[in-house]
Amino acid sequence: MLRLVATGLFGLMFLAEAWDAYGLALTLADPMPAAGRLDISIGAEVLRTAILLVLPLFVALGALLAVVGLRAGKPTLFRRGAVTCALAYLAYGLYLVADGALHIGSGLVVLVGLIYVVLGGLAYAMHRSVFEM
């Protein structure tokens with residue numbers, strides 16, 4: 001049962017972050033509206049979006065590897081994917097907290113960053129428990 005829950009969780013993480021990466025790629029293609037909304041320069045928005053584009057790609061890759069490892073019954077692949085996902089979520093969350101608090105001054109971005117840190121902790125907890133049964 002825990003493997004089924006983990007498969008669903010990592011599958012949702014993969015889908016969410018792949019969609020997030022797609023949205024960030026669209027923002028990178030035309031950064032002017034986002035820069036205007038956040039009241040930052042276009043150059044700063046391009047740099048911010050480029051950094052933010054890499055992080056969800058790592059989360060999605062880790063989540064995908066975790067799902068493949070679960071479905072194939074390969075604990076090592078699952079653990080590596082789950083740890084990659086967890087560390088990428090941690091980096092993503094900490095970046096969002098710092099960006100929201102120090103750069104763009106948005107409490108909502110800080111909150112999202114904290115949620116990502118929690119998701120990273122959840123991914124790490126699943127890494128530790130799924131194949132220990």
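How many helices and strands does the protein have? The count is five helices and zero strands, and the order from the N terminus on is simply α-α-α-α-α. Keep in mind that this is a predicted model, and every value below is computed from it.

**The overall picture**

Let's start with the whole chain. Along the principal axes, the C-alpha atoms fill a box of roughly 50 × 25 × 20 Å. Of the 133 residues, 37% are buried. The accessible surface adds up to about 7200 Å², and carbon and sulfur atoms hold 73% of that. As for contacts with a separation of 6 or more, 67% of them come from residues 24 or more positions apart.

**Two helices checked against their expected span**

Helices α1 and α5 can each be held up against a rise of 1.5 Å a residue. For α1, residues 2-29, the 28 residues should span 40 Å, and the end C-alpha atoms are indeed 40 Å apart, so the two figures agree. For α5, residues 107-129, the 23 residues should span 33 Å, and the end C-alpha atoms sit 33 Å apart, so there is agreement here as well.

Which residues of α1 are buried? They are Ala6, Thr7, Phe10, Met13, Glu17, Ala21 and Leu24, and they pack against α3 (42-72), α4 and α5. On α5 the buried set is Val109, Gly113, Tyr116, Gly120, Ala123, Met126 and His127. Those residues pack against α1 and α4 (75-103).

**Aromatic pairs**

A search of the whole structure turns up four aromatic pairs. Two of them are set out here.

| Pair | Distance between ring centres | Angle between planes | Arrangement |
|---|---|---|---|
| Phenylalanine 10 and phenylalanine 78 | 5.8 Å | 85° | edge-to-face |
| Tyrosine 89 and tyrosine 116 | 5.4 Å | 70° | edge-to-face |

The phenylalanine pair ties together distant parts of the chain, with phenylalanine 10 in helix α1 and phenylalanine 78 in helix α4, 68 residues apart. Phenylalanine 10 and phenylalanine 78 are both buried.

The tyrosine pair also links distant parts of the chain: tyrosine 89 belongs to helix α4 and tyrosine 116 to helix α5, with their positions 27 residues apart. Both tyrosine 89 and tyrosine 116 are buried. Add Tyr92, and you have one aromatic cluster made of Tyr89, Tyr92 and Tyr116.

**A buried charged network**

How many salt bridges does a search of the whole structure find? It finds two. In one of these, glutamate 45 pairs with arginine 48, and the closest N and O atoms are 3.6 Å apart. Glutamate 45 and arginine 48 are three residues apart in helix α3, so about one helical turn separates them. Glutamate 45 has 1% relative accessibility, so it counts as buried. Arginine 48 is buried too, with a relative accessible area of 11%.

Arginine 48 also forms a salt bridge with aspartate 99, where the closest N and O atoms are 2.6 Å apart. This pair bridges distant parts of the chain, going from arginine 48 in helix α3 to aspartate 99 in helix α4, 51 residues apart. Shared partners therefore join Glu45, Arg48 and Asp99 into one salt-bridge network.

Is aspartate 99 buried or exposed? Its relative accessible area is 5%, and because buried means under 20%, it falls in the buried class. Beyond its neighbours within four places in sequence, aspartate 99 is in contact with Arg48, Ile104 and Gly105.

**Out on the surface**

Now for the outside. Leu28, Met32, Ile42 and Val46 form a nonpolar surface patch, and together they have about 320 Å² of accessible area. Methionine 32 sits in helix α2 (residues 32-38). With a relative accessible area of 54%, methionine 32 is exposed.

Where does aspartate 39 lie? Aspartate 39 is in the loop between α2 and α3. Its phi is near 60°, a positive value in a residue other than glycine. At 70% relative accessibility, aspartate 39 counts as exposed, whereas aspartate 99, at 5%, counts as buried.

Methods: Residues are numbered from 1 along each chain as its sequence is written. This is a predicted model: local features need pLDDT of at least 70, side-chain atom pairs count only at pLDDT 80 or more; totals for chains, interfaces and linings use all residues. Side-chain values use heavy atoms; hydrogens and water are left out. Patches are made of residues with over 30% relative accessible area and no salt bridge: like charges are joined within 9 Å, nonpolar side chains (Val, Leu, Ile, Met, Phe, Trp, Tyr) within 5 Å. Accessible areas come from the Shrake-Rupley method with a 1.4 Å probe; for residues, only the protein chains shown count as cover. A salt bridge is a side-chain nitrogen of Lys or Arg within 4 Å of a carboxyl oxygen of Asp or Glu. Helices (H or I, at least four residues) and strands (E, at least two) are DSSP runs, numbered from the N terminus. Buried means under 20% relative accessible area, exposed over 50%, partly exposed in between (1.4 Å probe, protein chains only). The expected span of a helix is 1.5 Å times one less than its number of residues. Contact means heavy atoms within 4.5 Å. Rings of Phe, Tyr and Trp (its six-membered ring) pair if their centres lie within 6.5 Å; planes under 30 degrees apart count as stacked, over 60 as edge-to-face and the rest as tilted.
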